Each structure stands twice: as C-alpha cells, then as structure tokens.
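Me: I'd like to learn how to read a fold step by step. Could you take me through this one, feature by feature?

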Amino acid sequence: MTGKRILLVEDEAAIREMTAMALERAGYLVSEAEDAIQAERLLADGVPDLILLDWMLPGSSGIELARRLRREEYTREVPIIMLTARSEEDDRIRGLDSGADDYVSKPFSPRELIARIKAVIRRASPEQGEGLLEVEGLSLDSHSHRVSANGQRLEMGPTEFRLLQFFMAHPERVYSRSQLLDMVWSRGSFVEERTVDVHIRRLRKVLADEGYDRYIQTVRGAGYRFSSQV
Ligand code: CA
C-alpha cells in the first residue's frame, strides 16, 4: 500500500477502469474523472500526489488542462503524466511543453505505467524520499525525524514535524489553511481549519528557541508561508 493518491483523467471508460484497477492493485488511491470539468471539481476537494492525464479529452483537452494546472498556485507542483495514443515526436514535445512531467503512450502495460509513476513521484517529492532539508541553519532529516537549528536539536510533535517538512519543501509560497489540511494532515481525518493555527503556534514556539519562528509567516487573508526572508 503506497497510500499515494492519483487522479486519473480519461474519457474512455474501458481504459479508465482497467488503469484504475491496476493502480489500486498496486496500492494507489485512485479518483477518476472523465473530462477536465470533473477533474477540476475533484482537484478542488484536494490535491493528489500525481495526475494521469489523457491527451485527447472531449471539451477541454489534456494539454489545455495541464497548462491551467501549471498556472494555478494550488496545483502547480503536482506531477502530471500524459497518456497519449499518438506517437509523433511533435506531440510528445508539445506534451512536455504543456507542463507534463512525463508521457506514456497507449497501449501501455500496467507494469510500465506504475514504474513511470513511481519515478515521477520520487522526483517530485524529495521530502518523502532521501531528503535532508536545509534552510539557513535549520535542518530537517526525514529519515531520522530529527530537526536541528544551528546544531541544536529541536523537539516537536509529529504534526509539527510534518508541517515543518511540508513548509521547508515548499518555501516562499503561501498556503491557505485548507490547503495545509489537505497536504499535511491525513486525508479523511476530520479537522477544523483552526486546528492548523494551533499547530502553527506550537511549531513557532519550538522554532523560537533558535529564532526561526519568523520563518513561519502569517499572510493576512491568505494563510501561511515559509520564508527565510523577512
Ligand atoms: Ca481520450
């Protein structure tokens, strides 16, 4: 069970169902959309770890949707793999131009698709992989779950740790409370938005010992941002 969430956007029901089944068997949580409108509706409820996007969709094409997702702050960083029935080099390049991270030509084997998904997710989320995250003397080690500032160990709760990990992996960007809930808290847990404020407060308190609390910045009317700039 990888627990990774994949949004599958494909209008051909047979391909969609077959693909979803293969992904679920491999441990992914799959949500399905048959066009761009449905996809955007699902994205409004939460951002997945990866989007599998069919090139040819009725209405708004896969490329148009990919471009839109790249423009939106909320979805800018979600990796996209394009599914395409075409093999022309031009199309491939246009697909990568549109902001797709990779492409897979149809027909594909589930094994090939899953290998590509794993590679793209690994590239896109170093914070869940090897990564030691470091910003100006503040460092977070995902493996040992240790945080230190100027060489001093900082002790914090698991939620504060995940929150800091997320912030350090996505600096200089504002996230609303509901986006933070989606991305840091486990899905399905019922948490109110003000819970975010509680954990932000705790995190700042821990970071304040070494003067790093100012990195967790409140952006009025928008949410929070991690930044080493004042
Ligand atoms: Ca199609």
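Me: How should I read a helix pair, and at what angle do α6 and α8 pack?

Reply: Start with the angle and distance between the axes, then see who touches whom. In this predicted model, helix α6 (residues 158–169) packs against α8 at about 80 degrees, and their axes are 9 Å apart. Angles of 65 to 115 degrees count as roughly perpendicular, so α6 is roughly perpendicular to α8.

Me: Which residues of α6 and α8 meet?

Reply: From α6 come Thr159, Glu160, Leu163, Leu164 and Phe167, and they meet His199, Ile200, Arg202, Leu203 and Leu207 of α8. Sorted by class, this contact has 6 nonpolar, 2 polar and 2 charged residues.

Me: And what about α7 and α8: at what angle do they pack?

Reply: Helix α7 (residues 177–184) and α8 pack at about 80 degrees, with their axes 9 Å apart. These two are therefore roughly perpendicular as well. On the α7 side, Arg177, Ser178, Leu180 and Leu181 take part, meeting Glu193, Val196 and Asp197 in α8. The class count for the contact of α7 with α8 is 3 nonpolar, 1 polar and 3 charged residues.

Me: Across which strands does α8 lie?

Reply: Helix α8 (residues 193–208) lies across β11 and β12, and runs at about 140 degrees to β11.

Me: Then let's turn to sheets. In what order do β10, β11 and β12 come, and is the pairing parallel or antiparallel?

Reply: With a sheet, read the strand order, then the sense of pairing, then the edges. Here 3 strands make an open sheet ordered β10-β12-β11, with antiparallel pairing. Its edge strands, β10 (174–175) and β11 (216–219), each pair on one side only. Between β10 and β12 (residues 223–226) there are 2 bridges in the antiparallel sense, and Val174 stands opposite Arg225 in β12.

Me: What is the strand order in the sheet of 5 strands?

Reply: That open sheet runs β2-β1-β3-β4-β5, and its pairing is parallel. The edges are β2 (29–33) and β5 (102–105), each pairing on one side only. Neighbouring strands of this sheet are turned against each other by 20 degrees on average, direction ignored. Helix α1 (residues 13–25) packs on the sheet and touches β1 (5–9), β2 and β3 (50–54), with its direction at about 165 degrees to that of β2. Helix α5 (residues 110–124) packs on the sheet too, touching β1, β3, β4 and β5, and its direction makes about 180 degrees with that of β5.

Me: How many bridges join β4 and β5?

Reply: There are 4, in the parallel sense. Met82, for instance, has Tyr103 in β5 as its bridge partner.

Me: Is Thr84 buried or exposed?

Reply: Look at relative accessible area first, then at contacts. Thr84 sits in strand β4 (residues 80–84). Its relative accessible area is 3%, so Thr84 is buried. Leaving aside residues up to four places away in sequence, Thr84 touches Trp55, Tyr103, Val104, Ser105 and Lys106.

Me: Last one, the metal site. Which residues are the protein donors of the calcium ion?

Reply: For a metal, list the donor atoms and distances, then the spacing in sequence. The calcium ion has Asp11 (OD), Asp54 (OD) and Met56 (O) as protein donors, 2.1 to 2.3 Å away. Their spacing in sequence is D-x42-D-x1-M.

Me: Why does Asp54 count as buried, and how does Met56 count?

Reply: Asp54 counts as buried because its relative accessibility is 2%. Met56, at 48%, counts as partly exposed.

Definitions and conventions: Residues are numbered from 1 along each chain as its sequence is written. This is a predicted model: local features need pLDDT of at least 70, side-chain atom pairs count only at pLDDT 80 or more; totals for chains, interfaces and linings use all residues. Side-chain values use heavy atoms; hydrogens and water are left out. Donors are N, O and S atoms within 2.8 Å of the metal (3.2 Å for Na, K and Ca); water is not among the atoms, so sites may look incomplete. Buried means under 20% relative accessible area, exposed over 50%, partly exposed in between (1.4 Å probe, protein chains only). Contact means heavy atoms within 4.5 Å. Two strands pair if DSSP finds at least two bridges between them. Axes are lines fitted to C-alpha atoms, for helices over the stretch in contact, and angles run from 0 to 180 degrees between N-to-C directions. Angles under 35 degrees count as roughly parallel, over 145 as roughly antiparallel, 65 to 115 as roughly perpendicular and the rest as oblique. Ala, Val, Leu, Ile, Met, Phe, Trp, Tyr, Cys and Pro count as nonpolar, Asp, Glu, Lys and Arg as charged, and the others, Gly among them, as polar.
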